[in-house]
Amino acid sequence: MPDVVADGLRVLFCGINPGLMTAATGHHFARPGNRFWPALHRSGFTPRQLAPSEQHELLSYGLGITNVVARATARADELSAEEYRQGGRELAVKVGRLRPRLLAVLGVTAYRAAFDDRTAKVGPQVRTIGESRVWVLPNPSGLNAHWTPTTLAEEFARLREAAEQD
């Protein structure tokens, strides 16, 4: 799954891994029940809700997308602990090279596994990667029912506000 990235982004969003529909379409967060695109818009990152097929428009807003693990699966729980750790190492190299202001990992469980941080919570992290600050967002999958569309957008808005303060 190709990344949507450029040097010096405001925010690099990092999904867990591509789902099967994402892999089939080549568009990040392509499953209709995924709430990434609505949350991105409702939080004020984009002036309108983009479709997954418009993912490259993110670059014009200083935003990008990558994944912790490149392998596509039906569910993130199909990934091994080693895949997460290796993905975290590779992500750190990518972030060091691209130098986004903020890295936003979508999913606290994925962040904990990739960076061996069992106490991480949603929100800003103490960890930095080079000069890039790290933020953990809730997983926008429709399976993550603990976060409603409203609370998900509110958390995305906290990140947007932090990105604007830089």
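Q: In what order do the five strands stand in the open sheet of this predicted model?
A: Let's start with the overall picture. The sheet is open and built from five strands, with mixed pairing. Read across the sheet, the strand order is 2-1-3-5-4.

Q: Which strands stand at the edges, each with a single partner strand?
A: Look at the two ends of the order 2-1-3-5-4. A strand at an end has a single partner, so one of its sides is left without a neighbour in the sheet. The edge strands are strand 2 and strand 4 (123-129).

Q: How many degrees does the twist average from one strand to the next?
A: The twist is taken from each strand to the next one in the sheet. Its average is 25°.

Q: Do strand 1 and strand 2 pair in the parallel or antiparallel sense, and which residue of strand 2 stands opposite Cys-14?
A: Strand 1 covers residues 11-15, and five bridges join it to strand 2 in the parallel sense. Cys-14 has its opposite number in strand 2. That residue is Thr-66.

Q: What angle does the direction of helix 5 make with that of strand 5?
A: Helix 5 (residues 149-165) packs on the sheet. It touches strand 1, strand 3 (102-106), strand 4 and strand 5 (132-137). The angle between the directions of helix 5 and strand 5 is about 170°.

Q: Which residue in the turn between strand 4 and strand 5 has a positive phi?
A: Strand 4 and strand 5 pair in the antiparallel sense over four bridges, and Pro-124 has Trp-135 in strand 5 as its bridge partner. The two strands form a hairpin with two residues between them. The turn residue with a positive phi, about 60°, is Gly-130.

Q: Which residues does Asp-117 touch, leaving aside those up to four places away in sequence?
A: Asp-117 sits in the loop between helix 4 and strand 4. One of its contacts is Arg-127, 10 residues apart from Asp-117 in sequence and 9.7 Å apart C-alpha to C-alpha. The full list is Tyr-111, Arg-112, Gln-125 and Arg-127.

Q: Which residues lie nearest the centre of the largest pocket?
A: This pocket holds about 810 Å³ of space, and its lining counts 35 residues. Helix 1 (20-25) and helix 4 (108-115) each supply at least two of them. By class, the lining has 17 nonpolar, 15 polar and three charged residues. Nearest the centre are Ile-16, Ala-76, Asn-139, Ser-141 and Leu-143.

Q: Which element gives the largest share of the lining of the second largest pocket?
A: About 190 Å³ of space lies in this pocket, and 14 residues line it, with Asn-67, Val-68, Val-69, Ala-70 and Glu-90 closest to its centre. Strand 2 (63-67) and helix 3 (81-98) each supply at least two lining residues. The largest share, six residues, comes from helix 3.

Q: How many charged residues are in the lining of the second largest pocket?
A: Sorting the lining by class gives six nonpolar and four polar residues. The charged residues number four.

Q: How far apart are the end C-alpha atoms of residues 2-165?
A: An unreviewed UniProt entry lists this span as "domain: Uracil-DNA glycosylase-like". In the model, the span is 34% helix and 17% strand. Its end C-alpha atoms lie apart by 30 Å.

Note on methods
Residues numbered from 1 in each chain as written. Predicted model: local features only at pLDDT ≥ 70, side-chain atom pairs only at ≥ 80, totals over all residues. Heavy atoms only, no water. 1 Å grid on protein atoms, 1.4 Å probe; cavity = no way out; pocket = protein on both sides within 12 Å on 5 of 7 lines; lining within 4 Å. Points joined across faces, edges and corners; volume = space filled by probe spheres on them. Nonpolar A, V, L, I, M, F, W, Y, C, P; charged D, E, K, R; others polar. Pairing = 2+ DSSP bridges. Axes fitted to C-alpha atoms, helices over the stretch in contact; angles between N-to-C directions. Contact = heavy atoms within 4.5 Å. UniProt positions renumbered as here; feature names shortened; annotations may be inferred.
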